[in-house]
Every structure is written in structure tokens, then in C-alpha cells.
Amino acid sequence: MCNLNNMFNNNSLYSKEVFKVFKLKGEIYELDKQEFSNFKNYIGCEQDKIVTFCHKCKKEFPFEVNKRYLNFYQGYFHASSNMPLSKGYNGDGILDIESGSIFGLMPPYSKDKFYENQIGYIEYSFTCKNDSSHVYLMFISVEFNNGEFTVRKVGQNPSMLTVKGFDFDKYKKQLDRINAYEDYKKADLSNADHFYVGAHAYLRRIFEKLINWYVDEYNVKLSDDRMKTKIDSVKQYFDPRINKLLKNLYSILSVSIHELDEDESKDYYSYLKAIIDMQLEYEYTEEEKAKQSSQLSAVIGKIESSLKKKKK
């Protein structure tokens with residue numbers, strides 16, 4: 001189960017986790033201690049630091065965790081971290097979200113006395129241990145219904161793309177020459193914003209531009225204008241590890257825009273993008289090799305020239 005560290009670093013916005021902390025047996029809700037422990041671990045009840053990449057320090061550092069609790073007390077804006085769970089004759093059963101402890105009326109709880117539709121929010125501020133002026137923020141909602149806690153990540157600044165240090169510029173030269181640099185950025189940004197079908201559309205656009213560039217660059221003669229024909233005509237210019245995957249890649253990207261649901265598009269995105277990235281890396285590496293070879297040839301030429309002069 002994810003802890004606070006993973007929630008910040010890996011969970012996308014509006015992702016949710018459900019914890020069935022209370023199990024209904026007959027008319028009584030009993031506490032599941034293990035699930036309660038999972039819930040407390042997930043929201044970081046006893047966690048005072050996370051480790052993440054500081055995009056300003058350009059290095060991974062520990063970040064100190066501070067929390068602020070909003071709206072937890074009976075639906076009113078309140079600084080309390082308490083959430084009522086169940087009514088009793090001598091007071092309510094109350095969960096202190098901050099410490100993760102239950103006080104007042106202790107479980108098990110009667111079904112007809114259970115509170116429902118409780119919701120509160122936690123604001124996390126993370127301060128870089130290397131430079132206290134570098135601060136990240138994250139917001140989650142905590143809902144309580146039918147004995148379950150639903151935790152949603154509802155906000156984060158800076159974005160996961162910034163935190164993870166996505167390097168859009170490594171392949172800028174390769175992308176600029178096919179006019180796909182902005183498409184490449186928008187694909188990852190769309191994916192991070194849960195617009196998965198849109199992310200696939202940008203990947204398809206990049207792939208089409210890549211294929212068309214090879215056709216034009218090498219003046220390839222085509223029997224027709226179908227993408228299948230174009231792929232067959234230029235696949236020799238692709239990384240040998242992926243050139244047999246190209247037709248399938250285009251077919252999947254075309255289908256995904258119309259037929260895959262959001263969850264399927266989300267699951268497949270990283271694999272489909274990896275094929276395009278392999279080709280961009282292949283081009284990048286080949287060009288670096290060519291540049292190094294040219295530099296080495298120039299140096300060898302100077303050495304040979306110098307040796308010939310000494311022999312005279």
C-alpha cells in the first residue's frame with residue numbers, strides 16, 4: 001500500500017484509494033485494525049518527511065512535512081483534525097486524523113448510530129531540507145461513508161511533470177525537424193492531466209510526422225498514400241529493435257482514440273510512448289556517434305599531418 005511519499009511522487013491527480021476500515025457484521029460495524037493501519041500509513045499520520053526530487057536544487061532531498069486540516073469537524077470549516085464516526089449516549093466516537101487515534105466512544109459501533117457523508121481535507125506542505133525556500137504543496141480529500149475512507153489526491157504544486165524532471169529538450173533537435181516538439185510536450189502533459197485519449201492522439205501525430213519526414217527526406221517513391229505503405233517504405237530507417245512493431249503501433253494509436261476507454265488508454269500510454277522514445281534515442285545516438293566520428297577524424301588528420309612534417 002502506498003505511503004505519503006508515493007502518493008506525492010507517483011499518484012496522479014484525482015486518483016483514489018478506498019480503505020474498508022469498518023466491516024459490517026449484522027447491525028454492528030467492527031474495526032479492521034490492519035485496514036485502519038493501511039489508511040493511516042497512506043495519509044502519513046506518523047510521517048514527518050518525504051524524499052523527492054527538488055526541481056530547484058536539481059537533486060533529490062528529504063522534505064519536511066507539515067499538515068493543515070480543513071473541514072473535518074461536522075462539515076464546518078474548522079482547524080480541528082477530528083472526524084466524528086458514531087453517536088453515543090455519553091458522547092461520540094471520534095477519529096483524530098492527525099494522530100490516527102480513536103477516542104470517546106470506542107468501536108464496535110451500531111449501524112444506526114454511524115455518521116455518514118463526512119468529508120475533510122488535508123493540506124500538506126513539503127519543505128526542502130537543503131533550502132527552506134523551496135516548498136511543495138499537496139491537497140487530499142478524506143471521505144467517510146459506510147465504514148469506508150476514500151482518499152483522493154485533489155491538488156499538487158508543482159506538477160508531477162516538474163517534480164519528476166521530465167526532460168523535453170533532450171530530443172528537441174529531432175522533434176523540431178519534424179515539427180513535433182509541442183506535440184511531444186502536450187502528450188505527456190495530457191497524460192499527466194488524465195486526458196489519456198488526447199495523449200494518444202498526440203502520440204499518433206508524432207508518429208505520422210516521423211514517418212512522413214523519412215518519406216520526404218529520402219525521396220521515397222510510394223505506390224499509394226496509405227500509412228501502411230509508408231511504414232513499409234521507411235521502416236529500414238528505424239531502430240532495428242522496433243521496426244517490426246511500427247504497423248501495430250500505428251494501429252493501436254488509431255484504435256485507442258476511438259475505442260479504448262480512459263483506463264485502458266492510461267495503462268497503454270507508457271508502452272506506446274516508449275516505442276517512439278526508442279526511435280528518438282536511436283536518432284540522437286546515431287547523430288552523436290557521427291559527430292564524435294567527425295571530431296576523431298579531424299584529430300587523427302592533424303596528428304598525421306604533424307607526423308609527416310616531422311619526417312621532412
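Helices (H or I, at least four residues) and strands (E, at least two) are DSSP runs, numbered from the N terminus. With that in hand, let's work through a few exercises. The model is predicted: local features need pLDDT of at least 70, side-chain atom pairs count only at pLDDT 80 or more, and totals for chains, interfaces and linings use all residues. Residues are numbered from 1 along each chain as its sequence is written, and side-chain values use heavy atoms, with hydrogens and water left out.

**Exercise 1. Locate tyrosine 115 and describe its surroundings.**

Step 1: find the loop. Tyrosine 115 sits in the loop between S9 and S10.

Step 2: decide on burial. Buried means under 20% relative accessible area, exposed over 50%, and partly exposed in between (1.4 Å probe, protein chains only). Tyrosine 115 has a relative accessible area of 15%, so it is buried.

Step 3: look for a polar partner. A polar contact is a pair of N or O atoms within 3.5 Å; within protein, one must be able to donate a hydrogen and the other to accept it, and residues adjacent in sequence count only if both atoms are side-chain atoms. The side chains of tyrosine 115 and aspartate 92 make such a contact, at 3.0 Å.

Step 4: place a distant residue. Glutamate 17 is 98 residues from tyrosine 115 along the chain, and their C-alpha atoms are 20 Å apart.

**Exercise 2. Which residues of helix H2 are buried, and how are they arranged?**

Step 1: list them. In H2 (residues 33–43), the buried residues are Glu35, Phe36, Asn38, Phe39, Tyr42 and Ile43.

Step 2: look down the axis. These buried residues fall within an arc of 160 degrees, so they line one face of the helix. The arc is that of the directions from the helix axis to the C-beta atoms.

Step 3: turn to the other side. There, Lys33 and Gln34 of H2 are exposed.

Step 4: inspect both ends. Aspartate 32 caps the N-terminal end of H2, with a side-chain oxygen 3.2 Å from the backbone nitrogen of glutamine 34. After H2 comes glycine 44, whose phi is positive, near 75 degrees.

**Exercise 3. Describe the largest nonpolar core.**

Step 1: fix the term. A nonpolar core is a set of buried Ala, Val, Leu, Ile, Met, Phe, Trp, Tyr and Cys residues joined through side-chain atoms within 4.5 Å.

Step 2: find its best-connected members. The largest core has 38 residues, and Phe22, Phe39, Ile43, Phe126 and Phe149 touch the most other members.

Step 3: name the contributors. Elements that each supply at least two residues of this core include helix H1 (4–10), H2, strand S5 (59–70) and strand S10 (118–128). S11 gives the most, with five residues.

Step 4: zoom in on phenylalanine 126. Contact means heavy atoms within 4.5 Å. Leaving aside neighbours within four places in sequence, the contacts of phenylalanine 126 include Leu4, Phe8, Ile50, Phe63 and Met138.

Step 5: look elsewhere. Apart from this core lies another, of 33 residues, among them Tyr202, Leu210, Trp213 and Val220.

**Exercise 4. Is leucine 203 buried or exposed, and what does it contact?**

Step 1: leucine 203 belongs to helix H6. At 1% relative accessibility, leucine 203 counts as buried.

Step 2: beyond neighbours within four places in sequence, leucine 203 is in contact with Ala187, Leu253, Tyr269, Leu272, Lys273 and Ile276.

**Exercise 5. Track down the backbone features of four loop residues.**

Step 1: cis peptide bonds. One joins proline 107 and proline 108, with omega about 10 degrees; proline 108 is in the loop between strand S8 (101–104) and strand S9 (109–110). Another joins asparagine 157 and proline 158, with omega about 0 degrees, and proline 158 is in the loop between S12 and helix H3 (160–163).

Step 2: positive phi outside glycine. Asparagine 179 has phi near 55 degrees and lies in the loop between helix H4 (172–176) and helix H5 (181–192). Asparagine 219 has a positive phi of about 50 degrees and is in the loop between helix H6 (196–217) and helix H7 (227–234).

Step 3: check accessibility. Asparagine 179 is exposed at 60%, and asparagine 219 is exposed at 52%.

**Exercise 6. How many helices and strands does the protein have, and what is its extent?**

Step 1: there are nine helices and 12 strands.

Step 2: along its principal axes, the C-alpha trace spans about 105 × 55 × 30 Å.
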